[in-house]
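Student: I get lost when I look at a whole fold at once. Could you take one part and show me closely how its pieces sit against each other?

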Amino acid sequence: MNTARDALSPTVHLIDDDEAVRESLALLIGTVGLRVVAWADPRAFLAGFEREGIGAIVLDVRMPGISGLNVLDTLVAEGVDQPVIMLTGHGTVDMCRRAFKAGAAEFLEKPVDDEALIEALQQAVRQHVHLRQRTQTDRAARERLQQLSPREREVLALIIEGLSNKGIARALELSPRTVETHRAHVFEKLGADSLAQLVRGYAALVNAPGTA
């Protein structure tokens, strides 16, 4: 269940203590091509599911032993980023409010409308895929940023501020030729082909915590 292939395939984790509900929802979700892993025990789910996987979580609110809201709190505390869709047969406004406040992506009442669940799941999976792509892009950018020397970082910051080579030379008390050399190294090390690409990829990271 925790193979590399599974981690890369969008997977829906379905947690509900009612076997009939698990089976019917698993069949429904499978009709749109999503892989489903069903769990009867929320504690077993917390202990065994792949945190690095891509997908979404469908979580029943009322289960024996530990409630779905407590499971949600645990997932949030652990930094799990898969979107969570809460299901309940006895929903209240307060319960709904608490679920959203805790970080739930959606809150649906049983009996679940098939189209509403599928739409919520597909949207949640798309959002999670995009989130992971952005995270990977940011991580790669941070790693490239670490390759710059302290002087190259200074040059990068001033490039992003919009200074010309002459302006950077004056600010850092360097010769324009030296600035041109540093600028070329910055573009090469960061893999940027244009000023727009450099600014778009690194403006938010230059002064971000942990990138100094």
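**A closer look at the packing**

Tutor: Let's start with one residue: Glu-23 counts as partly exposed because its relative accessibility is 46% (buried is under 20% relative accessible area, exposed is over 50%, and partly exposed is in between, using a 1.4 Å probe and protein chains only). You'll find Glu-23 in helix α2, residues 19–30 (helices are DSSP runs of H or I with at least four residues, strands are E runs with at least two, and both are numbered from the N terminus). Follow the chain 15 residues from Glu-23 to Ala-38, and the two C-alpha atoms turn out to be separated by 8.2 Å.

A quick word on what you're looking at: this is a predicted model, where local features need pLDDT of at least 70 and side-chain atom pairs count only at pLDDT 80 or more, while totals for chains, interfaces and linings use all residues. Residues are numbered from 1 along each chain as its sequence is written, and side-chain values use heavy atoms, with hydrogens and water left out.

Now for the inside. In soluble globular proteins, nonpolar side chains tend to be buried together. Here the largest nonpolar core has 23 residues, and Phe-45, Ile-57, Leu-59, Leu-75 and Met-86 have the most contacts inside it (such a core is a set of buried Ala, Val, Leu, Ile, Met, Phe, Trp, Tyr and Cys residues joined through side-chain atoms within 4.5 Å). At least two residues of this core come from each of β2 (35–39), α3 (42–48), β3 (55–60), α4, β4 (84–88) and α5. The most generous is α4, which gives four residues. Zoom in on Phe-45: leaving out residues up to four places away in sequence, Phe-45 touches His-13, Ile-15, Trp-39, Arg-51, Ile-57, Val-71 and Leu-75 (contact means heavy atoms within 4.5 Å). There's also a second, separate core of 20 residues, including Leu-156, Leu-158, Ala-169 and Val-186.

Next, click on Phe-49, in the loop between α3 and β3. Phe-49 counts as buried because its relative accessibility is 4%. Not counting residues up to four places away in sequence, Phe-49 touches His-13, Trp-39, Ile-57, Leu-75, Val-80 and Gln-82. Val-37 is 12 residues from Phe-49 in sequence, and their C-alpha atoms are 9.0 Å apart.

What about a charged residue? Arg-132, in helix α6, is buried, with a relative accessible area of 13%. Beyond its neighbours within four places in sequence, Arg-132 is in contact with Arg-51, Glu-52, Gly-53, Ile-54 and Asp-81.

On to helix pairs. The axes of α4 (68–77) and α5 (93–102) come within 10 Å and cross at roughly 15° (axes are lines fitted to C-alpha atoms, for helices over the stretch in contact, and angles run from 0 to 180 degrees between N-to-C directions). That makes α4 roughly parallel to α5 (under 35 degrees is roughly parallel, over 145 roughly antiparallel, 65 to 115 roughly perpendicular, and the rest oblique). At their contact, Leu-69, Asn-70, Leu-72, Asp-73 and Val-76 in α4 meet Met-95, Arg-98, Ala-99 and Ala-102 in α5. By class, that's six nonpolar, one polar and two charged residues (nonpolar covers Ala, Val, Leu, Ile, Met, Phe, Trp, Tyr, Cys and Pro, charged covers Asp, Glu, Lys and Arg, and polar covers the others, Gly among them).

Now look at α7 (150–161) and α9 (176–190), which pack at about 90° with their axes 9 Å apart. So α7 and α9 are roughly perpendicular to each other. Arg-151, Glu-152, Val-155, Leu-156 and Ile-159 in α7 meet His-182, Arg-183, His-185, Val-186, Phe-187, Lys-189 and Leu-190 in α9. The residues of this contact divide into six nonpolar, two polar and four charged.

Finally, two backbone oddities. Most residues other than glycine have a negative phi, and most peptide bonds are trans. Yet the peptide bond from Lys-110 to Pro-111 is cis, with omega near -5°, and Pro-111 is in the loop between β5 (106–109) and α6 (114–145). Glu-173, in the loop between α8 (165–172) and α9, has a positive phi near 55°. Glu-173 is exposed, with a relative accessible area of 73%.
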